[in-house]
Amino acid sequence: MTAPGMARKAAPAPCFHILDLGTSTLRLLQVRLVDGALEYAAHLTAPAHGMRKGAVISLAQAAEAMQKLAADMEQRTVVPVERVFLSLTGAQVKGLSSQA
């Protein structure tokens with residue numbers, strides 16, 4: 001309950017994270033949904049350890065690189081990275097439906 005004369009704090013805008021797994025670089029983008037439109041919030045890049053030619057060659061190294069990138073984003077924006085939309089392309093990519 002808000003005290004009389006005090007303004008109510010607006011709920012934070014929903015945030016979305018997009019992770020691009022590249023051969024040499026990982027990119028993590030954060031956008032906010034504001035008035036029905038996506039608004040840029042922040043982005044980070046990092047070397048794509050554990051990746052070669054669009055394929056994961058070391059799952060442990062790739063996972064560690066992605067976790068560090070997410071932790072850096074959380075520290076920078078104070079918004080938890082709970083889910084990501086993943087961008088991954090390449091001739092070897094096959095679709096697999098998964099629910100977490």
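**Exercise 1. Lay out the order of the elements in this predicted model.**

Solution. Reading from the N terminus, the elements of the protein follow the order β-β-β-β-β-α-β. This order agrees with the count, which gives one helix and six strands.

**Exercise 2. Work out where the buried residues of helix 1 lie around its axis.**

Solution. Begin with the helix itself, which has 19 residues and reaches 27 Å from its first C-alpha to its last, close to the 27 Å expected at 1.5 Å a residue. Next, list the residues of helix 1 that count as buried, namely Ala-62, Ala-65, Leu-69, Ala-70 and Met-73. Because these residues cover an arc of only 130° around the axis, they sit on the same side of helix 1. Then turn to the other side of helix 1, where Ala-60, Glu-64, Gln-67, Lys-68 and Gln-75 are exposed. Finally, look for what covers the buried residues, which includes strand 1 (15-21), strand 2 (25-34), strand 3 (37-47) and strand 5 (55-56).

**Exercise 3. Decide whether Glu-74 is buried, partly exposed or exposed, and find its contacts.**

Solution. First place the residue: Glu-74 belongs to helix 1 (residues 59-77). Its relative accessible area is 31%, and since buried means under 20% and exposed over 50%, Glu-74 is partly exposed. Setting aside neighbours within four places in sequence, Glu-74 is in contact with Val-79, Pro-80 and Val-81. For Val-81, the backbone nitrogen lies 2.7 Å from a polar atom of the side chain of Glu-74. Just after helix 1, Val-78 takes a positive phi of about 60°.

Note on methods:
Residues are numbered from 1 along each chain as its sequence is written. This is a predicted model: local features need pLDDT of at least 70, side-chain atom pairs count only at pLDDT 80 or more; totals for chains, interfaces and linings use all residues. Side-chain values use heavy atoms; hydrogens and water are left out. Helices (H or I, at least four residues) and strands (E, at least two) are DSSP runs, numbered from the N terminus. Buried means under 20% relative accessible area, exposed over 50%, partly exposed in between (1.4 Å probe, protein chains only). Contact means heavy atoms within 4.5 Å. A polar contact is a pair of N or O atoms within 3.5 Å; within protein, one must be able to donate a hydrogen and the other to accept it, and residues adjacent in sequence count only if both atoms are side-chain atoms. The expected span of a helix is 1.5 Å times one less than its number of residues. The arc is that of the directions from the helix axis to the C-beta atoms.
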